[in-house]
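Please open the structure in your viewer and keep the selection tool ready. We will move from one selection to the next and pause at each to see what is there.

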Amino acid sequence: MIVKDIEVYNGDLIHQRFAYKFFRNKTLPIGNILAFRAPMKVEADGMIDLEDTLDNDYIYSDDAINFVWEIPGLDAFGAVAWQRLFNTQLGNFLSTQFINAPIEVNGDDLLVHKEFEQHGIVQQKGKCSVSITYVRDGAALGHTAINVVAGRQAPGFAYSTNLTDDQCENFMRGVVDMFYEMNDDMWLATTKIIIK
């Protein structure tokens with residue numbers, strides 16, 4: 001589902017299960033995803049990542065495409081494995097269909113191998129994403145965002161994709177479709193095992 005009424009992503013959305021609030025009787029057992037375009041300002045109260053909190057490494061972006069998901073039944077290891085598969089699929093889609101540059105998946109980060117300038121420094125590659133996942137109340141909750149315009153508060157390694165409005169909309173639609181196709185296919189794979 002693409003939503004238009006989230007004005008800023010501050011991290012609070014994934015601090016609790018949220019799918020029913022948005023999907024009601026359309027909440028699916030294979031999981032649900034929201035996509036929205038909004039700036040990011042995630043500071044101490046909104047952070048989930050302990051490493052980033054200890055380093056005061058907060059999240060800022062002037063304009064980003066945000067994806068938040070809720071998938072029931074995953075443990076912490078499964079949540080991280082799913083997040084990395086999702087980010088890999090998302091990175092491949094972004095690379096081949098929108099920015100025409102190689103994207104390396106490094107853990108949960110997406111690194112674009114294309115020269116860019118941020119804060120007056122020219123770099124050969126940059127991180128276009130932020131991502132986190134964890135498990136709460138029996139469900140994996142997570143967030144992956146792609147910078148459209150990282151902005152002045154973002155770190156020097158933050159890469160701006162500079163997607164157009166139409167590209168942002170098409171990217172969000174494509175990733176939402178990918179989420180449901182991928183999760184449906186995984187669920188179907190769990191139903192076709194024969195034990196003799």
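**Two helices and a strand**

Begin by selecting helices α3 and α4 in this predicted model: they pack at an angle of about 140°, and their axes are 11 Å apart. Angles over 145 degrees would count as roughly antiparallel, and so α3 and α4 are oblique to each other. If you follow the way they pass, you will find that α3 crosses α4 in a right-handed manner.

Next, show the side chains where the two helices meet: α3 contributes residues including Trp82, Leu85, Phe86 and Phe93, while those on the α4 side include Phe171, Val175, Met178 and Met182. The residues of this contact divide into 13 nonpolar and five polar, with no charged ones.

Now keep α4 alone, residues 165-191, and look along its length. At 1.5 Å a residue, its 27 residues should span 39 Å, and its end C-alpha atoms are 40 Å apart, which agrees. Which residues of α4 are buried? Among them are Cys168, Phe171, Met172, Val175, Val176 and Met178. An α-helix has 3.6 residues a turn, so residues three or four places apart point the same way. Bring the other elements back, and you will see that the buried residues of α4 pack against α1, β1, β2, α3 and β9.

Finally, select Thr133, which lies in strand β8, residues 129-136. Thr133 is buried, because its relative accessible area is 10%, and buried means under 20%. Although Gln83 is 50 residues away along the chain, its C-alpha atom is 6.9 Å from that of Thr133. Beyond its neighbours within four places in sequence, Thr133 is in contact with residues including Trp69, Ala79, Val80 and Gln83.

Methods
Residues are numbered from 1 along each chain as its sequence is written. This is a predicted model: local features need pLDDT of at least 70, side-chain atom pairs count only at pLDDT 80 or more; totals for chains, interfaces and linings use all residues. Side-chain values use heavy atoms; hydrogens and water are left out. Helices (H or I, at least four residues) and strands (E, at least two) are DSSP runs, numbered from the N terminus. The expected span of a helix is 1.5 Å times one less than its number of residues. Buried means under 20% relative accessible area, exposed over 50%, partly exposed in between (1.4 Å probe, protein chains only). Contact means heavy atoms within 4.5 Å. Axes are lines fitted to C-alpha atoms, for helices over the stretch in contact, and angles run from 0 to 180 degrees between N-to-C directions. Angles under 35 degrees count as roughly parallel, over 145 as roughly antiparallel, 65 to 115 as roughly perpendicular and the rest as oblique. A crossing is left-handed if the near helix is turned anticlockwise from the far one by less than a right angle, and right-handed if clockwise. Ala, Val, Leu, Ile, Met, Phe, Trp, Tyr, Cys and Pro count as nonpolar, Asp, Glu, Lys and Arg as charged, and the others, Gly among them, as polar.
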